[in-house]
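Thanks for sharing this one. Here are my notes, point by point, to read alongside the structure.

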Amino acid sequence: MNPGADTLIPCFRTPAVRDLAWACFSEPLFLCKGLPPGAGPLQNCTLQLTPERAQWLERLDREPAALLAQVEETRKGRLGLYFEHLWHFFLRQDPAVDLLAHNLPVRHGTRTLGEFDCLYYCHQRQQYVHLELAVKFYLQAAPHDGSEWRHWVGPGLRDRLDIKMQRLLSHQVC
């Protein structure tokens, strides 16, 4: 767990700053080490809420104009685009990383196969990172025993967490 992330996020006055802190520093839903064998060489995003980043968020909360300008066009649109713009803003501002590209299409000839959500260089790990971004909210519709992701449904009953996870593993991060 990111130390202090849960206690820090609610203290910001500006909703977009709270959203950015939640998006970038909350616990991931899935821990890659717990995924089934053959899921690929995946790692969770390891950007920690350091004291420097917490101070940056506090300064941003006092003067949020740049963040608000970045996300204004997405606030009335799709949640996923808003979430992506929060991450793009963070990756552009953070001195520990270099944002190299976002929403970069992957093509084979004239056919588009998908896109890289974010490509960045992490100075601490000294490696390039592909960050796959997804935000969705699911409701647990039946008792959950830890392995029954099919009991978690999205806005449509066919929108289930097990289906999203399978697509993520078989198509989006392979």
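1. Let me start with Glu84 and its neighbours. Leaving aside residues up to four places away in sequence, Glu84 touches Asn103, Asp117 and Leu133. Please keep in mind that this is a predicted model, so treat each contact here as a computed one. Glu84 itself has its place in helix α5.

2. Is Glu84 buried, and which side chain of opposite charge is nearest? Glu84 is indeed buried, yet has no salt bridge. The nearest side chain of opposite charge belongs to Arg78, 6.6 Å away. A salt bridge here needs a side-chain nitrogen of Lys or Arg within 4 Å of a carboxyl oxygen of Asp or Glu, so at 6.6 Å Arg78 does not qualify as a partner for Glu84.

3. How many salt bridges does the structure hold? There is one. Arg53 forms a salt bridge with Asp94, and the closest N and O atoms are 2.8 Å apart. The pair links distant parts of the chain: Arg53 sits in helix α3, while Asp94 lies in the loop between α5 and β1 (97–108), 41 residues apart. As a general reminder, side chains of opposite charge can pair when their charged atoms come close.

4. Are the two partners buried or exposed? Arg53 has a relative accessible area of 8% and counts as buried because the cut-off is under 20%. Asp94 also has a relative accessible area of 8%, so Asp94 is buried too.

5. Arg53 turns up again where two helices meet. The axes of helix α3 (residues 51–62) and helix α5 (residues 79–93) come within 12 Å and cross at roughly 115 degrees. The crossing of α3 past α5 is right-handed. On the α3 side the contact is made by Arg53, Trp56 and Leu60, and on the α5 side by Phe89, Phe90 and Gln93. By type, the residues of this contact divide into four nonpolar, one polar and one charged.

6. Finally, the overall picture, which may help you place the points above. The protein has six helices and five strands. Read from the N terminus, its elements run α-α-α-α-α-β-β-β-β-β-α. Of its 174 residues, 35% count as buried, and Glu84 is buried, as are Arg53 and Asp94. Among contacts between residues at least 6 apart in sequence, 48% join residues at least 24 apart.

How values were computed:
Residues numbered from 1 in each chain as written. Predicted model: local features only at pLDDT ≥ 70, side-chain atom pairs only at ≥ 80, totals over all residues. Heavy atoms only, no water. Axes fitted to C-alpha atoms, helices over the stretch in contact; angles between N-to-C directions. Helix = DSSP H or I, 4+ residues; strand = E, 2+ residues; numbered from the N terminus. Left-handed = near helix turned anticlockwise from the far one by under 90°. Contact = heavy atoms within 4.5 Å. Nonpolar A, V, L, I, M, F, W, Y, C, P; charged D, E, K, R; others polar. Buried < 20%, exposed > 50% of the residue type's maximum accessible area, 1.4 Å probe, protein only. Lys, Arg positive; Asp, Glu negative; His and termini not counted.
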